[in-house]
Amino acid sequence: MPIWQDYIDKAKAYHGHICGGQILGLRMSLLGLKLLGLDPYEDLRDLVIFLESDRCVADAAYVVTGVTIGRRRVKTLNYGKTAMSFLNLKNGEAYRLSVADHDRPAQDQDLIAFWTAKKDEDVFKIQKVTIKLNPGEEPGPPSRVVVCQKCGDEVMDHKDVTLNGQTLCRACAEGPYYQVL
Ligand SMILES: [Zn+2]
Ligand SMILES: [Zn+2]
């Protein structure tokens, strides 16, 4: 399978190694596109991916689809699951795929051979879903830009919070993830 080998080579170059996550992520992404009737070699400008993991599979999804966070086509949820959803913005069609097979290769087993011997329908749980993008989640120019009344940072895309009548960024409203030195 020369095309499959091409994806393996690309994943190895992009991610740094071939692991179970690469193989599952490549297959999951190819299957997601197939279910949506999309061609991985075309410009997937209407595709949005919802990643439920920030581990290996996330990189494999990029290798197959080329969609990026910066283009607002990747949403990270980090549920700690080897799972992702694929939404076609053009018609609202969406599928969520997760790994249903809890079998893992033994230490000395060949990873690629182990996973490629299994059929998609045995490895993945496929759910047809609907996904509503919240205001400010859509691709395209920012739908709203405000200035935080406490720190003065600009906040885009409805990520601001109103607290006691003040318009604030989430860091000021909820406490930041960083400590200023
Ligand atoms: Zn990996
Ligand atoms: Zn602020």
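**Note on the zinc site and the nonpolar core**

1. The four donor atoms around the zinc ion (ligand 1) subtend angles of 92 to 146°, so their arrangement is irregular. Four donors would count as tetrahedral if all angles lay between 85 and 135 degrees. The model is predicted.

2. Which residues supply the protein donors of the zinc ion (ligand 1)? They are H15 and H17, each through NE2, and C19 and C56, each through SG, at 2.1 to 2.3 Å from the ion. Along the sequence, the spacing of these donor residues reads H-x1-H-x1-C-x36-C. H17 sits in the loop between α1 (2-15) and α2 (20-36), whereas C56 belongs to helix α3 (residues 56-65), so the pair ties together parts that are 39 residues apart in sequence.

3. Accessibility can be given for three of these donor residues. C19 is buried, at 12% relative accessible area. C56 is partly exposed at 24%, and H17 is partly exposed at 38%.

4. How many disulfides does a search of the whole structure find? The search finds zero. A disulfide would be a covalent bond between the sulfur atoms of two cysteines. C169, a residue outside the zinc discussion above, is buried, with a relative accessible area of 9%.

5. The largest nonpolar core has 32 residues, and those touching the most other members are L26, L47, I49, L51, M84, F86 and F124. Elements giving two or more residues to this core include α1, β1 (47-51), β3 (83-88) and α4 (111-116). The most comes from α2, which gives seven residues.

6. I49 is one of the core residues just named. Leaving out residues up to four places away in sequence, I49 touches, among others, A61, V67, V74, M84 and F86.

Conventions: Residues are numbered from 1 along each chain as its sequence is written. Chains are lettered from A and ligands numbered from 1 in the order in which they are written. This is a predicted model: local features need pLDDT of at least 70, side-chain atom pairs count only at pLDDT 80 or more; totals for chains, interfaces and linings use all residues. Side-chain values use heavy atoms; hydrogens and water are left out. A disulfide is a pair of cysteine sulfur atoms within 2.5 Å. Buried means under 20% relative accessible area, exposed over 50%, partly exposed in between (1.4 Å probe, protein chains only). Donors are N, O and S atoms within 2.8 Å of the metal (3.2 Å for Na, K and Ca); water is not among the atoms, so sites may look incomplete. Four donors count as tetrahedral if all angles lie between 85 and 135 degrees; four count as square planar and six as octahedral if opposite donors are over 155 degrees apart and all others between 65 and 115; anything else is irregular. Helices (H or I, at least four residues) and strands (E, at least two) are DSSP runs, numbered from the N terminus. A nonpolar core is a set of buried Ala, Val, Leu, Ile, Met, Phe, Trp, Tyr and Cys residues joined through side-chain atoms within 4.5 Å. Contact means heavy atoms within 4.5 Å.
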